[in-house]
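Me: I am new to this structure and would like a close look at a single part of it. Please take one salt bridge and its surroundings and go through them slowly.

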Amino acid sequence: MTTHRSVWLETATIPEYDAVSADKHADVVVVGGGLIGLTTALHLQQEGADVVLLEAGRLGARTSGNTTGKVTSQHSAIYADLLDRHGPGKAGQYAAANQAAVEEVADLVNRLGIDCELTRTPAFVYSSEPDSPLRREADVAGALGLPAQFVDPEEMGLPVKAAEAVRFDDQLYLHPVRYLAGLAAAFTQAGGRIFENSRVVEVDTDHDIQAVTAHGPLVRADHAILATLLPIGLTGGYFARTRPGQSYGIAVRLPVEAPRGMAISVDSSVRSTRPWPGGGPNGLIVVGSDQETDAETTYQNLVDWVGSNWGFDAVPEYRWSAHDYSTPDMLPFVGKAPGTPILVATGMHKWGLSNGTVAAGILRDLVLGRDNPWAGLYDAGRIGDVQAVAKLVKDNLHVGKEFASGHLERLKGGLDHLEVGQGGLLTLDDGKTVGAYRDEDGQLHTVNPVCTHMGCPLRWNAADTTWDCNCHGSRYSHTGAVLDGPTTKPLTPPQ
């Protein structure tokens, strides 16, 4: 039987923390208890700042607890594109920043004594097509100072039809939730304060900085950091400057020993693999994203890919999805949001363990008034080059289509005909559309299927039992509770 939850969240324990119950004051309030929030909070607390961290749910429960767990400067085939887009200076900075992040994570694990299955291994990127851009990618990455070289795909140990491959040496993988638990423990031991189940709905900067929670208490601080995947609400306009993306993962036990290295394809259907120590020597994590397919189909495609390559009837033990954002110029936004003193970090391009570690250092140094070598590269206020602006316009046209598309897929029949485990959009006799789901206990849940952020129509994700907004990436549970922003408000009941 497959568990529909991240293998990392199922196999680690993070201490629980109370919700904030009264107004607080701190030097810094960090909003978001994932990798970026916890790393930034730890840095600042260890530097002598008084830090309060507010998490909407449980620490690491969203994107950071659903990653692949790779810590690497090998970000698919990005470096030749970075060179062409931004020149050797910025491409070299990105390479150096992320390679430094690999070593910083290793140092934190060793210094703090975190038991998180940290392992050194090569990271490969491969293509099924000969004469792909990978030979140039290897040359560019090597020239930028990265441990990269063009190699025979046989080195990967993957039974796939790969024509070309690039190997990055001395990269890392780890158990991300155990790593987060170690960061949280070090933060609280240094005097930091964590409050869970304390969703921030507004950061008021009119007079002083106040992070206001949904249930009332607020935290006053000299500095506010939004480490919330995408900044909440309309902050900085990042909802219009980034695009949401979804990845899906499975954990399986192969009939043979799993490849020891990490790998990712550059083909249209991305397949990313790494060892799964918790599954024994045969354990493998496979993550992917397929274009123009629904979540259930993508999960099945991952299972089929494993089964066809290793020749057995694959049954995953765990399956889960992860949410992230990309930017039009391929670089994250980290720093001061335009028109506000709030600091933000977003657009990690699904490489949050390395890019997020870089971001945490930038945020720390901004609070402390120090220079950071990567701050200019990741500048949160930049507009980007002509190519980035063109992509932004195209992406926003796509969002406009989402606004105008309405609710395209509808269930047939009425609410009484909805079966256990079934959900979707229904048109009632009076012509109104409702979102409905009947849970495993037979209870019916109905919502108004319109995103509370900017009014986009929602789509039912049957595989994850969530309501998803394709415009700006907000996600809601089947009951309408907020899972991921930028929205801060739950779905309303049908009118």
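**A salt bridge and its partners**

Reply: Glu47 is partly exposed, with a relative accessible area of 40%, where partly exposed stands between buried, under 20% relative accessible area, and exposed, over 50% (1.4 Å probe, protein chains only). This is a predicted model, in which local features need pLDDT of at least 70 and side-chain atom pairs count only at pLDDT 80 or more, while totals for chains, interfaces and linings use all residues. Residues are numbered from 1 along each chain as its sequence is written, and side-chain values use heavy atoms, with hydrogens and water left out.

The side chain of Glu47 meets that of Arg370 in a salt bridge of 3.0 Å, N to O, a term for a side-chain nitrogen of Lys or Arg within 4 Å of a carboxyl oxygen of Asp or Glu. Side chains of opposite charge can pair when their charged atoms come close. This pair links distant parts of the chain, 323 residues apart, since Glu47 sits in the loop between α2 (35–46) and β2 (51–54) and Arg370 in the loop between α7 and α8 (386–405); helices (H or I, at least four residues) and strands (E, at least two) are DSSP runs, numbered from the N terminus.

Arg370, like its partner, is partly exposed, with a relative accessible area of 36%. The two residues also belong to a network of salt bridges in which Glu47, Arg364, Asp365 and Arg370 are linked, and the structure holds 21 salt bridges.
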